[in-house]
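Q: Hey, could you walk me through the pockets in this one before I set anything up?
A: Happy to, let's pull it up.

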Amino acid sequence: MRIPITKPYFGEEERKAILEPLESGWVVQGPKVAEFERCFAEFSGSKFAIATSSCTTALHLSLSALGIGPGDEVLLPSFTFVATANAVEYTGAQPVFCDIDLTTFNIDVAEIERRITQRTKAILPVHLFGLSAPMAPIQEIAEQHGLRIIEDAACGFGTFYRGKHVGNFGTTGCFSFHPRKAITTGEGGMITTSDPDLMATFKSLRDHGALKSDLVRHVDLGGSLLPEFTRLGYNYRLTDLQAALGVAQMKRANHILEARRERAEKYDDLLKHEKWLKLPEAPSDHIHSYQSYVCLLQPRNASWRLRKPSLEEVATIHQKRNQLMQRLEGKGIAVRQGTHAVHTLGYYRGKYHLSPDHCLMALIADRVSITLPLYVQMTDEEQDLVVRELRTCVESLGL
Ligand SMILES: Cc1ncc(COP(=O)(O)O)c(C=O)c1O
């Protein structure tokens, strides 16, 4: 039996849905995109939802529309996917990496305060693996210092903080529909905002800076003339084929999210007595959506729970973690490191002269995290097998 890290949840509804644009002939930025946006806004409780080609392009549009550029600094956690920082780099601004809280894997609020300078323009918190960043203190700091908040909610579909869906705490929220996410359109993204001017700006910027979309030109009189282009825009459009898939996925969003939570709770139950593994934790005012089920390896003698470890200690457990992942892969069970510490990646390390301990907790998370397989169709037998093999491998490595 081979167990993948994840599997999209597609069925007859999705198969039928993607035929609709083929039959109507509207295959890009058309009625299905508009329908997907409406469904998404309703589900997330957002005033506006604007579809884009990916979360990376959603982040880029958010930063650009807010006028962030050369000379500006944007605060973000180091432990995130590289795309979060790349979006800042595209604008010419500087990403400033903050360390994380190892309990939640999200940005450490104290680090935000420590790294604010005269040049800081925005905070870019990430709701990593489906758990919200601590938005109340982040909003407080942003208000005190006159900073914008752009939420990287790539993993945040179905994630709630104090009863509100993520993407509604900052000026914008940016979502991803990559196949590793709870619902997928292959590639795809969404921006949420409550600001009508920004909504109009995003619609224009995603479409080369056009003042009128093709869909509007199609139904309006005077569509034979090209519209005015007042801004430097991009081609960040979503296709109707992707949006049709998105609409079908949205129709079963609650089922998908519930099934993912059930699987996560089952892991919690099966693994709760294993001292060598720190399981994901959700503070009481959070609803975790488990985009990924990410644990930390913490062998009995690991000291980072009590004090800051040395880089040598981290390196030793890192080796064991990699051996563990290799053994599991050998048994047909796909596992992954959680994500990476972006300040340690060649481009950022080199450009900004960052040492590995610039963000030590992010480094630890990079080196000793392990993601277990989780998907809607996963059976009890598959999940039991993952846990059994995990225990066997940990024992054989003497952890
Ligand atoms: C935290 C985070 N931000 C941004 C992205 C980029 O999303 P996309 O692949 O849709 O551009 C991802 C994708 O994995 C992510 O995990």
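**Pockets and overall build**

A: One thing up front: this is a predicted model. As for the largest pocket, H3 provides the largest share of its lining, three residues.

Q: Which helices each supply at least two residues of that lining?
A: Those are helix H3 (55-65) and helix H4 (82-91).

Q: How much space lies in the largest pocket?
A: About 510 Å³. It is lined by 28 residues, and Phe 81, Cys 155, His 178, Arg 180 and Lys 181 are the closest to the centre.

Q: How do the residues of that lining divide by class?
A: You get ten nonpolar, 13 polar and five charged residues there.

Q: OK, and how much space is in the second largest pocket?
A: That one holds about 260 Å³. Its lining has 16 residues, with Lys 203, Arg 206, Ser 213, Leu 215 and Val 216 nearest the centre. Helix H2 (31-44), helix H7 (196-205) and helix H8 (214-219) each give two or more residues to this lining.

Q: What's the class split in that lining?
A: Seven nonpolar, four polar and five charged.

Q: Switching topic: how many helices and strands does the chain have?
A: There are 14 helices and 17 strands. The radius of gyration is 22 Å and the globule rule gives 21 Å for 399 residues, so the chain is as compact as a globular protein of that length.

Q: What share of the residues is buried?
A: Buried residues make up 58% of the 399.

Methods:
Residues are numbered from 1 along each chain as its sequence is written. This is a predicted model: local features need pLDDT of at least 70, side-chain atom pairs count only at pLDDT 80 or more; totals for chains, interfaces and linings use all residues. Side-chain values use heavy atoms; hydrogens and water are left out. On a 1 Å grid over the protein atoms alone, a cavity is a set of points where a 1.4 Å probe fits but cannot get out, and a pocket is an open set with protein on both sides within 12 Å along at least five of seven lines; lining residues have an atom within 4 Å of a point. Grid points are joined across faces, edges and corners, and a volume is the space filled by probe spheres set on the points. Helices (H or I, at least four residues) and strands (E, at least two) are DSSP runs, numbered from the N terminus. Ala, Val, Leu, Ile, Met, Phe, Trp, Tyr, Cys and Pro count as nonpolar, Asp, Glu, Lys and Arg as charged, and the others, Gly among them, as polar. The radius of gyration is taken over C-alpha atoms; the globule rule is 2.2 Å times the number of residues to the power 0.38. Buried means under 20% relative accessible area, exposed over 50%, partly exposed in between (1.4 Å probe, protein chains only).
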